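Q: Please take a close look at a single part of this model, beginning with one loop and its surroundings. I should like the backbone geometry and the burial of residues to be treated together, with the cut-offs stated.

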Amino acid sequence: MPQGSSIRAIWILNSLDAVVFSRRFLVVEKRWRGACKTEKESSGGNYAVFPLLPSDSELAAAFVDRKRREGSIRGCGIRASQSAKGSDSWVDDPITRHIIGVYMSKEEGGDVNNDINYLLWPLVLHTKGQFCILVLPLVEPRHVRAYARLCTRSDCGNAVGVEDSISSILLDLPSITGASMVAHAIGDIITGDVVEPEVVVSASPSVGGLLDSLTGSIGISSISSRAKPVAPPVASSNPTSSAVTGTVTSDANKTGSRPLDKDVLRTFISSSMPFGTLLDLSFPNIISIKANGFSSSDLPPSDLKQPAWKPYLYKGRQRILFSIHETVHAAMYDRDEIPDSISISGQINCRAELEGLPDVSFPLIGLNSDKIEVLSFHPCVQVPEQGVDKQAVMFSPPLGNFGLMRYQAVCGIGPPIKGFYQLSMVSEDKGDFLFKLRLMDGYKSPLTMEFCTVTMPFPRRRVVFFDGTPSVGIVSTTEHSVEWKIIVGGRGLSGKSIEATFPGKVQFAPWKPQISPPSSLGFGSITDEDSVMETDGNNNSMVNVEEFIMEKMSKDLHSANLEEPFCWHAYNYAKVSFKIIGASLSGMLIDQKSVSIYPAVKAPVESSTQVTSGEYILWNTLGRCPSAVPVTKV
């Protein structure tokens, strides 16, 4: 069979394990049956794999049976003492929590006493909200047989270099990636989480610039017979006095939070994967086509080929918007034996409102190999020229907002917030703490910190008393945290650095250790896909993955000392949240004056940059903290 991304069937199950939506692709299924027939002839007249798809009721029953066998919806992913031979957990690989198999019981030769279990694999499993999405991609029968052998072999694990390992099987199946994309796209649609990359608009405060931005967005400049794929800017929650900011939102109609809309799903599936072959999984594109339709003006010139990512042509006021979004992740230890860790993940989003099928090119500045570690581009991008610190980028832009490129980088300036946090317990319920931080050290204009907040979380202790006055900012408390707002929105910090100290005392309610059931010990609240903890009355000895992992980790876990009885594993930390605008921290830059469009048109180019905090952690220098051991070369 030819390789590619084709889908045999899709099922959606609700929280009651009932199939609420299914779709089978007969064209793809015909190819599967042909492959099974060839396999049957070569194996001597018996089907090695079952050639037919199960009914909805059969699939639901097999899914429930697997859930009972594995202990939860996803299962362990690790071979445990309760794992049964032939099950996914027997393979002993965590990937089997996401790519699963179910067994279909079929009668052989019309004899009800001679049932044979056929394996249906690979089913890509994705949970979103109250729904479980199962997507069955087209693979070759030999791949199913290879996985069936893995489920029954005596050894466990995924040793390197072993023939027919789960990794070697999956690497030979590009359709798995396509099926995963389908499952995630459907999950976003049915829960109303369809979003496009955010593009922030920064317009000068002049009347003309602001009027052009607003009228261009709502279509006053050129009235057309069709709806145009733009939306008016939305005001920022933290406006500054020097700029008007907003976001350009998705072209698509928002699906919102509502019960499963089968008509929307049918429209998406029919357009994105006709006859089971994946074409375009962009839900905004598909909804825009349905809403706007086509007209004779949408036909491209005869000498140009219309790309798949631009199914119809834009009409209206022309402009290009770029937004650089960077997220800073850091672990600050303030210890000689543990180096601080800081990294940046960035994305350049774009919205090109251009008529026709033009090409856009510009030099991307800041690609120094010492700073940029990982780089990837949208499929529409060509990178013909490379230099030491800049790289020419050319692309034929799709409709709406899209991620032009993503990258991983190191911080070229230094951490925006550095310093230390100390907490020492003077008794079982009372503690003294001290913050000493420096903000924006070495940062110059136009870099501006719009806000900065430090939070001390105490998820397992209740705060009953607090005392302390910071050198700058305001403090508030909740039942399980202390929040220090160093910079409040509207009072940005630019062109200088400040030092902020915060000594204080905190008192907690008396410590009462609670013996929790195994399913929740040490985990608190489990959310999203692992929130459903299923048990079966006939098999109470089976554990799910959370219980199993917790049991293994607790064996070597020492009891918490009085100095740090707060977080799981007795770790204590403070979390920093901030936002910086004006420039990137990695040095990534788009020169608006160097952006060129071919064929040449007059289109204003706007760009903006914002940096936000991700997991920015200050570990207690007086307590225990996790850290990665550096790799040493032998």
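**A loop and its backbone geometry**

A: Phe275 is found in the loop that runs between helix 7 and helix 8 (283–292). Helices (H or I, at least four residues) and strands (E, at least two) are DSSP runs, numbered from the N terminus. The model is predicted, so local features need pLDDT of at least 70 and side-chain atom pairs count only at pLDDT 80 or more, while totals for chains, interfaces and linings use all residues. Residues are numbered from 1 along each chain as its sequence is written, and side-chain values use heavy atoms, with hydrogens and water left out.

Phe275 is not a glycine, yet its phi is positive, near 60 degrees. Most residues other than glycine have a negative phi, and most peptide bonds are trans. Phe275 is exposed, with a relative accessible area of 60%; buried means under 20% relative accessible area, exposed over 50%, and partly exposed in between (1.4 Å probe, protein chains only).

Helix 7 itself spans residues 262–272, and its buried residues include Val264, Leu265, Thr267, Phe268, Ile269 and Ser272. An α-helix has 3.6 residues a turn, so residues three or four places apart point the same way. At the N-terminal end of helix 7, Asp261 acts as a cap, with a side-chain oxygen 3.2 Å from the backbone nitrogen of Asp263. The criterion for such a polar contact is a pair of N or O atoms within 3.5 Å; within protein, one must be able to donate a hydrogen and the other to accept it, and residues adjacent in sequence count only if both atoms are side-chain atoms.

A positive phi is also found at Asp17, about 65 degrees, although Asp17 is not a glycine. Asp17 lies in the loop between strand 1 (7–13) and strand 2 (19–24). At 17% relative accessibility, Asp17 counts as buried, whereas Phe275 is exposed.

Two peptide bonds extend this account of the backbone. The bond joining Ser445 and Pro446 is cis, with omega about 15 degrees, and Pro446 lies in the loop between strand 17 (430–439) and strand 18 (448–457). The bond from Tyr598 to Pro599 is likewise cis, with omega near -5 degrees; Pro599 is placed in the loop between strand 26 (596–598) and strand 27 (605–619).
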